[in-house]
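Q: I am new to this structure and would like a close look at one part of it. Could you walk me slowly through how the helices and the sheet are put together?

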Amino acid sequence: CRRSSAHFLKRLEELKKKYSFIKDVRGKGLMIGLELDREGKNVVTDCLKKGFLINCTDETVLRFIPPLIVTPEEIDRLITALDEVFSTWS
């Protein structure tokens, strides 16, 4: 769990460096939030189409609560999906 959490946060930080609209990455254990400077409900919909269930709180915070058995490979697939979604934003 600790290894997966560190890997997840590291990968989200990489996205933060790539996209200026990502304001913050935070988490405790595997409950992780990604704060945006805009509404995130479309990200939830687009990720669902790609097979990932996430939610959005406070309109701008994407929340990820993966199972404790999540693998680094599964996290990488989610990061790829998020990158694809974010790349369509201007």
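A: Happy to. Let us start with a pair of helices: α1 and α3 are roughly parallel to each other, because the angle between them is about 20° and angles under 35 degrees count as roughly parallel. This is a predicted model, so please read everything below as a description of that prediction. Helix α1 covers residues 2-18, and helix α3 covers residues 72-86. Their axes lie 10 Å apart, and α1 passes α3 in a right-handed crossing.

If you would like to find this contact on your screen, look on the α1 side for Arg-3, Ser-4, His-7, Phe-8, Arg-11, Leu-12, Leu-15 and Lys-18. Facing them from α3 are Pro-72, Ile-75, Asp-76, Leu-78, Ile-79, Leu-82, Asp-83 and Phe-86. Sorted by class, the residues of this contact are nine nonpolar, two polar and five charged.

One of the α1 residues makes a good place to pause. Ser-4 sits in helix α1 and counts as buried, because its relative accessibility is 7% and the limit for buried is under 20%. What does Ser-4 touch, once its neighbours within four places in sequence are left aside? The answer is Leu-30, Val-70 and Ile-75. Ile-75 is one of the α3 residues in the helix contact just described.

Further along α1 is Glu-13. At 31% relative accessibility, Glu-13 counts as partly exposed. Its C-alpha atom is separated by 8.5 Å from that of Asp-24, and the two residues are 11 apart along the chain. Asp-24 falls within strand β1, residues 22-28, which brings us to the sheet.

The sheet is open and has four strands in the order β1-β2-β4-β3, with antiparallel pairing. β1 and β3 stand at the edges with a single partner strand each, so one side of each is left without a neighbour in the sheet. On average, neighbouring strands are turned by 25° against each other, with direction ignored. As background, strands of a sheet pair through backbone hydrogen bonds, either parallel or antiparallel.

Now let us cross the sheet, one pair at a time. β1 and β2 are joined in the antiparallel sense by six bridges, and in one of these pairings Gly-27 has Ile-32 in β2 as its bridge partner. Helix α1 packs on this sheet, touching β1, β2 and β4, and the direction of α1 makes about 175° with that of β1.

Next come β2 (residues 31-36) and β4 (residues 61-64), which run antiparallel and are joined by four bridges. Here Gly-33 has Arg-63 in β4 as its bridge partner. Helix α3 also lies across β1, β2 and β4, and runs at about 160° to β4. The two helices we began with thus share a list of strands: α1 touches β1, β2 and β4, and α3 lies across β1, β2 and β4.

The last pair is β3 (residues 55-57) with β4, again antiparallel, over three bridges. In this pair, Thr-57 stands opposite Val-61 in β4. β3 and β4 form a hairpin with three residues between them.

That turn deserves a closer look. As a general point, most residues other than glycine have a negative phi. Asp-58, in the loop between β3 and β4, has a positive phi near 50° although it is a residue other than glycine. Glu-59, found in the loop between β3 and β4 as well, has a positive phi of about 70° and is not a glycine either. Are these two residues buried or exposed? Asp-58 is exposed, with a relative accessible area of 69%, and Glu-59 is exposed too, at 54%.

One more helix completes the tour. Helix α2 (residues 41-49) packs against α3 at an angle of about 125°, with the axes 10 Å apart. α2 and α3 are therefore oblique to each other, and their crossing is right-handed. In this contact Val-43, Asp-46 and Cys-47 of α2 meet Leu-82, Val-85 and Phe-86 of α3. By class, there are five nonpolar residues, no polar ones and one charged. Leu-82 and Phe-86 of α3 appear here, and they also belong to the contact with α1.

Note on methods. Residues are numbered from 1 along each chain as its sequence is written. This is a predicted model: local features need pLDDT of at least 70, side-chain atom pairs count only at pLDDT 80 or more; totals for chains, interfaces and linings use all residues. Side-chain values use heavy atoms; hydrogens and water are left out. Axes are lines fitted to C-alpha atoms, for helices over the stretch in contact, and angles run from 0 to 180 degrees between N-to-C directions. Angles under 35 degrees count as roughly parallel, over 145 as roughly antiparallel, 65 to 115 as roughly perpendicular and the rest as oblique. A crossing is left-handed if the near helix is turned anticlockwise from the far one by less than a right angle, and right-handed if clockwise. Contact means heavy atoms within 4.5 Å. Ala, Val, Leu, Ile, Met, Phe, Trp, Tyr, Cys and Pro count as nonpolar, Asp, Glu, Lys and Arg as charged, and the others, Gly among them, as polar. Two strands pair if DSSP finds at least two bridges between them. Buried means under 20% relative accessible area, exposed over 50%, partly exposed in between (1.4 Å probe, protein chains only).
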